[in-house]
Amino acid sequence: MKLRIKSTFTFRLPELLLVILTLVSGTFLAFTSGSFVVNFNRIGFSILSVAQKGVFIATNSVKNAIGAVKELAELKRDYDELTLKLEKYEQMQRTNAEIRKENEQLKEQLGFTETLEQKNYPAQIISRDINRLYTSLTIDKGSINGIGKNMPVIAFQNGNIGLVGKIVEVGRFTSTIMPIYSIGCTVSARIQNTRDLGLVSGLGNADQVLSMKYIKKRVLSELHYGDVIVTSGENGNYMRDMPLGTISEIRVIDYDSSLNIDIIPIIDFSRLETVIVVDQKTTKDRQENE
């Protein structure tokens, strides 16, 4: 025997309307009261706040980046200006130092020239010929200034006076000096202490020693390293007792009756800038009278 159960559940119209009205009323109340499960106003505000904050951060970052670039450019410009000023200052310092040094040299030289009895002409070296066979120095004074051929040339350097050479060529505005270190230059000289007479000649290079010959072996025991060699003044080519240099080495050769003596020039030719040309035939008194 089978039992059949027939469903009798049905919605009647009044009940359905009640349910629909309840749902609509609840939804309406939720929107109007703001107490709905999802608060759309708050969500919208949050999204807007986040967007505004993002825009602010991005804008501020761009602004800061532009400011940093501008500040960096200003710092670079200031750095370049300071660097240029520093270079100018250092150059000015070097120039001032050179001027002071030059003034000291000129003052020192002027003081020395005033002590000379002979007429003299201070001059500047403007060029050098380093040819080994014919070394020469060119100065900025010529015949128009009173320079004459064969006039001796001296220099005052670091408190020392020494022979430079003699004038061999004279132009109107420049002159040429044959220095004592030239191979073609030979100077009659004496050892200052013993007064022994010999000849001093150059080896063709300003960095090399001078050579003195014809000093007899018998005076070897009287010679010492550092002894001063001076001009003899004979033949009237150079003033008497003008320093040439000092003895640096003495060599004895068996088959030679004289000594071979090396001399270090008293003048440092590599640093020589100014010289004094001396007119031995004219004194300052005679010049003033003329």
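Before I start, one cut-off to keep in mind: a residue is buried under 20% relative accessible area, exposed over 50%, and partly exposed in between. I'm working from a predicted model.

**Entry: helix α2**

I looked up M92 and found it in helix α2, residues 40-113. M92 has 42% relative accessibility, so it counts as partly exposed. M92 also joins L86 and Y89 in a nonpolar surface patch of about 310 Å².

Then I went looking for charge. Which residues gather in a patch of negative charge on the surface? They are E71, E74, D78 and E81. I checked E74 further: its place is in helix α2. E74 is partly exposed because its relative accessible area is 32%.

**Entry: strand β7 and its neighbours**

I noted that side chains alternate between the two faces of the sheet in a regular strand. I followed this along β7, residues 197-201. G198 and V200 point to one face and are buried. L197, L199 and S201 point to the other face and are not buried.

Next I checked what β7 pairs with. Strand β6, residues 186-191, runs antiparallel to β7, and five bridges join the two. In that pairing I found S188 opposite L199. Strand β8, residues 210-216, also runs antiparallel to β7, with three bridges joining them. Here V200 stands opposite M212.

I looked at the turn as well. β6 and β7 form a hairpin with five residues between them. R195 sits in that turn, and I came back to it below.

**Entry: loops and odd phi angles**

I reminded myself that most residues other than glycine have a negative phi. Which way does phi go at N158, positive or negative? It is positive, about 50°, although N158 is not a glycine. N158 lies in the loop between β3 and β4. With 68% relative accessibility, N158 counts as exposed.

R195 is not a glycine either, and I read a positive phi of about 65° there. R195 belongs to the loop between β6 and β7.

I also stopped at G148, in the loop between β2 (136-139) and β3 (152-157). Is G148 buried or exposed? G148 is buried, because its relative accessible area is 19%. I checked G148 against K166 too: they are 18 residues apart in sequence, and their C-alpha atoms are 10.0 Å apart in space.

**Entry: salt bridges**

Side chains of opposite charge can pair when their charged atoms come close. How many salt bridges does the structure hold? I got five.

I began with R195 again, whose side chain meets that of D241 in a salt bridge at 3.1 Å, N to O. The pair links distant parts of the chain, 46 residues apart: R195 is in the loop between β6 and β7, and D241 is in the loop between β9 (228-231) and β10 (243-251). R195 counts as partly exposed because its relative accessibility is 32%. D241 has 36%, so it counts as partly exposed.

I moved on to E249 and R251, which form a salt bridge with their closest N and O atoms 3.9 Å apart. E249 is partly exposed at 34% relative accessibility, and R251 is partly exposed with a relative accessible area of 33%. I also found E249 and R251 linked with D262 in a network of salt bridges.

Last, I checked R271 and D268, a salt bridge with the closest N and O atoms 3.8 Å apart. R271 counts as exposed at 64% relative accessibility. D268 is partly exposed, with a relative accessible area of 32%.

Note on methods:
Residues numbered from 1 in each chain as written. Predicted model: local features only at pLDDT ≥ 70, side-chain atom pairs only at ≥ 80, totals over all residues. Heavy atoms only, no water. Patch = residues over 30% accessible without salt bridge, like charges linked within 9 Å, V, L, I, M, F, W, Y side chains within 5 Å. Areas by Shrake-Rupley, 256 points an atom, 1.4 Å probe, with all protein chains shown as cover. Salt bridge = Lys/Arg side-chain N within 4 Å of Asp/Glu carboxyl O. Helix = DSSP H or I, 4+ residues; strand = E, 2+ residues; numbered from the N terminus. Buried < 20%, exposed > 50% of the residue type's maximum accessible area, 1.4 Å probe, protein only. Pairing = 2+ DSSP bridges. Lys, Arg positive; Asp, Glu negative; His and termini not counted. Charge placed at Lys NZ, Arg CZ, Asp CG, Glu CD.
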